[in-house]
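Q: I am new to this structure and would like to learn how to read its features one at a time. Where do we start?

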Amino acid sequence: MATLQNIRNRGGLLVSIVIGLALVAFIVGDALSSGASIFNRSRNQVGEIAGEAISITDFQNKVDKNEEIVKMMNGVSALNDEQQSMLRENTWQQMVMEQIMNQEYEELGLDVSSEELYDMLLGSNMSPTIRQMFADPNTGTVDVNRAHEIIRQLIAAPANTPQKRYWLNMEEQIATSRKQEKYNELMSKALYITDEQAEETAKNNAVKSDISYIVKSYSSIDDSTVKVSDNEIKDYYNSHSKLFEQPESRKIVYVNFDIEASPEDYQETEKWVTDMVNEFAETKNPAEFIELSSSDKKFDASYLKKEEIANDSLADFLFSGNKGVFGPYLEKNAYRISRASDLRMLPDSVRARHILIVPQNNDLKQAERLTDSLVNLLKKGADFEVLARQYSADQNSAVNGGDLGWFGQRMMVQPFSDTVFFAKPKTTKVVKTQYGIHIVQVTGQSKPVQKVQIATIEKEVIPSQKTTNKIYNEARNFSNNIHTSADFDKKVSEVGLTKRIATLNKNDKSIAGMDNARELVRQTYLTNKTGNAILTNEGLNIFETGNKYTIAVLTEINEEGIAPLTSVKPQIKNILIQKKKGEILKQELEKSISGSESLLSVAQKAGLEVKEAPEISFNSFQIAGAGIEPKVIATATQMEEGKLSAPIAGNQGVYVIMVNSRTQEEVTPEQIAQMKNALLQSNLYRANYQAIEALIKNAEVKDTRYKFY
């Protein structure tokens with residue numbers, strides 16, 4: 001269906017703007033087949049949003065719907081694990097936003113009428129997304145009649161066709177987007193910046209102070225000399241509890257057994273490659289030989305200059321004219337043998353122009369007939385640029401008469417690249433690629449240089465089954481009779497392994513050093529008692545995490561909310577130590593200030609260096625040589641020139657400053673207006689973002705998707 005191809009061609013940006021999801025497939029996994037638990041309602045939920053339970057069935061249906069849209073948009077039938085994971089995450093976020101915002105819209109009476117939606121789809125206020133779909137790529141104008149006809153076809157399509165589901169989803173997303181715009185507009189009307197606020201901010205930013213300062217670092221006092229009592233820590237915790245809000249997390253200890261190739265695996269791989277040398281040297285067609293072999297590296301038809309080959313010894317061999325085979329040699333954990341497949345003089349870059357003919361409705365014969373006709377016209381002297389503008393499906397180059405500019409050999413797909421780099425200038429060639437049929441002419445070439453086409457057979461060194469079994473047995477011997485933290489620690493000490501620690505969030509997919517740790521993370525969250533070994537679905541305590549076997553024990557469960565005092569006690573102690581250091585340093589500097597009239601005199605008494613920081617304003621982010629010190633900046637913008645400040649407890653230490661000079665630039669009405677607009681835009685951004693954050697927090701979203709995958 002041409003309509004579907006048209007949507008696909010313009011769908012890349014559309015997916016990001018309208019759907020806002022990297023949509024891919026979702027498979028629930030074996031959670032749905034976990035016996036009687038499927039009948040337990042609470043275990044059949046992926047979460048809760050604003051008090052409403054979300055079942056795994058509803059969640060899967062939503063993901064399935066999104067999956068079909070993306071498959072249609074991208075013309076694919078299967079997607080990888082990373083895309084699947086991204087889909088699940090984004091679909092969940094989509095459901096959270098829909099559930100929360102729909103409640104908000106209903107309470108506020110926000111809606112989009114059918115007349116308004118029609119106006120956005122096909123009326124005078126067409127949505128930018130719809131306009132992008134139907135706009136002429138050259139003029140940007142929309143043929144409304146054509147748009148009507150395409151939409152009529154989409155709506156008339158059978159109920160379960162991807163095209164119809166896509167269009168209905170489009171309508172839904174545009175209506176949702178419009179309601180969000182209305183909500184944001186309501187938020188904006190609740191915010192205002194007065195002229196006085198804008199003027200004050202502009203004037204504050206126009207004042208520049210050049211200061212001198214000294215700083216006595218907190219590190220000048222040893223932590224061990226400052227005493228902090230448990231009562232002081234408790235009092236601070238009680239009065240600052242909001243500072244210690246934490247997300248849900250779990251902590252584990254674990255050991256890894258790396259699944260790595262043995263010396264015997266290296267020897268066997270090298271022998272396999274060595275046994276290929278003689279046949280590889282004698283073959284007349286090295287490319288075909290490689291394709292028929294079990295080489296991990298496919299034949300690369302590109303040509304390289306000598307300096308483009310990283311292995312100097314290999315480069316010398318290939319350009320020496322030697323007809324033999326180089327190697328075996330070990331490179332990037334693989335044994336290789338290489339030979340020259342071809343040596344020739346070729347340009348580094350070429351300039352070419354083309355006319356791209358794309359088969360309509362998969363009618364290749366019709367496209368070939370059109371190609372033949374255009375080639376004949378060119379042979380009779382027709383203007384290539386005129387034909388490109390009229391017939392080429394590549395509109396980006398068609399506007400320039402088909403000109404593609406200068407490009408290197410690896411910048412184009414292989415058949416196209418081979419054609420233009422081997423062709424003589426001005427000759428007309430025809431080449432087929434996955435994009436269609438190209439009529440191509442080379443219009444320029446750089447100076448040819450000697451290049452080599454390298455044929456390489458490669459075999460990666462991987463652990464054999466024998467090696468893998470040996471490592472698994474080592475992990476199993478370690479894991480025997482490990483049920484608790486005490487068992488684990490004892491065995492680690494006996495064997496002499498390195499015990500590692502990790503803090504996990506429920507949706508983590510990896511752990512430091514382990515790329516494929518999702519199952520371990522999931523089972524960690526299904527283990528509800530600290531001090532226990534974490535078990536697989538099969539009841540084993542060994543996980544295969546990519547190229548490792550892992551044995552782990554759950555040591556800590558941190559619930560969402562205020563962290564317990566025991567877990568933040570060290571952090572609070574450090575805060576209080578710094579505060580007490582600040583008081584000590586303040587007293588020391590006050591003594592140095594007493595009787596001093598200059599900052600230099602204070603510095604000499606305190607044994608410190610005077611430093612300079614120019615152009616400090618109320619809007620400054622940091623101080624030269626000191627870093628981020630907002631208290632010092634605030635003091636510098638307010639105090640009198642030529643006066644010593646009182647000691648200021650900052651982030652790095654305690655400061656004493658002096659304003660040497662201050663300038664104030666004139667603030668114009670235009671600058672005040674610009675400041676007012678900037679402040680308003682900043683407030684609008686924060687309000688919209690923070691409003692959504694507040695709504696999500698109030699909705700008490702519970703995410704338990706980890707139970708299923």
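Q: Which residues of H8 meet which residues of H25?
A: A contact between helices is read by listing the residues on each side. In this predicted model, Gln180, Tyr183, Asn184, Met187 and Ser188 are the H8 side. The H25 side is made of Leu684, Ala687, Asn688, Ala691, Ile692 and Leu695. By class, the residues of this contact are seven nonpolar, four polar and no charged.

Q: At what angle do H8 and H25 pack, and how far apart are their axes?
A: Helix H8 covers residues 162-189 and helix H25 covers residues 669-698. They pack at about 115 degrees, and their axes are 10 Å apart. Angles from 65 to 115 degrees count as roughly perpendicular, and the two helices are therefore roughly perpendicular to each other. The crossing of H8 with H25 is right-handed.

Q: At what angle do H15 and H16 pack?
A: The reading goes the same way. Helix H15 (residues 364-379) packs with H16 at an angle of about 160 degrees, the axes being 10 Å apart. An angle over 145 degrees counts as roughly antiparallel, so H15 is roughly antiparallel to H16. Their crossing is right-handed. Leu370, Leu374, Leu377 and Leu378 of H15 make the contact with Phe384, Leu387 and Tyr391 of H16. Sorted by class, these are seven nonpolar residues, with no polar and no charged ones.

Q: In what order do the strands S9, S10, S11 and S12 lie in their sheet?
A: A sheet is read from one edge to the other. Here the order is S10-S9-S12-S11, in an open sheet of four strands with antiparallel pairing. Strand S10 (403-408) and strand S11 (428-433) are the edges; each has a single partner strand, so one side of each has no neighbour in the sheet. From one strand to the next, the twist averages 40 degrees.

Q: How many bridges join S9 and S10?
A: Strand S9 (residues 349-357) pairs with S10 over four bridges, in the antiparallel sense. Within S10, Trp406 stands opposite Arg351.

Q: Which strands does H16 touch, and which does H18 lie across?
A: A helix on a sheet is described by the strands in contact with it and by its direction. Helix H16 (residues 384-391) packs on the sheet and touches S9 and strand S12 (436-445). The direction of H16 makes about 50 degrees with that of S9. Helix H18 (residues 414-422) lies across S9, S10, S11 and S12, and runs at about 165 degrees to S11.

Q: Which strands are at the edges of the sheet ordered S18-S3-S20-S19?
A: This is an open sheet of four strands, with antiparallel pairing. Strand S18 (611-616) and strand S19 (648-649) are its edge strands, each pairing on one side only. Strand S3 (residues 207-217) pairs with S18 over four bridges in the antiparallel sense, and Ser212 has Glu612 in S18 as its bridge partner. Helix H22 (residues 565-593) lies across S3, S19 and strand S20 (653-664), at about 55 degrees to S20. Helix H23 (residues 599-606) also packs on the sheet, touching S3 and S20, with its direction at about 15 degrees to that of S3.

Q: Where is the confidence lowest, and where is it highest?
A: Where pLDDT is low, predicted coordinates should not be read in detail. The protein chain has a mean pLDDT of 87, with 93% of its residues at 70 or more. Helix H2 (residues 11-19) has the lowest confidence, a mean of 34, and helix H11 (residues 263-274) the highest, at 97. The pLDDT is below 50 over residues 1-40, a stretch with 90 contacts in the model beyond near neighbours in sequence.

Definitions and conventions: Residues are numbered from 1 along each chain as its sequence is written. This is a predicted model: local features need pLDDT of at least 70, side-chain atom pairs count only at pLDDT 80 or more; totals for chains, interfaces and linings use all residues. Side-chain values use heavy atoms; hydrogens and water are left out. pLDDT is the predictor's confidence in each residue, from 0 to 100. Contact means heavy atoms within 4.5 Å. Axes are lines fitted to C-alpha atoms, for helices over the stretch in contact, and angles run from 0 to 180 degrees between N-to-C directions. Angles under 35 degrees count as roughly parallel, over 145 as roughly antiparallel, 65 to 115 as roughly perpendicular and the rest as oblique. A crossing is left-handed if the near helix is turned anticlockwise from the far one by less than a right angle, and right-handed if clockwise. Ala, Val, Leu, Ile, Met, Phe, Trp, Tyr, Cys and Pro count as nonpolar, Asp, Glu, Lys and Arg as charged, and the others, Gly among them, as polar. Two strands pair if DSSP finds at least two bridges between them.
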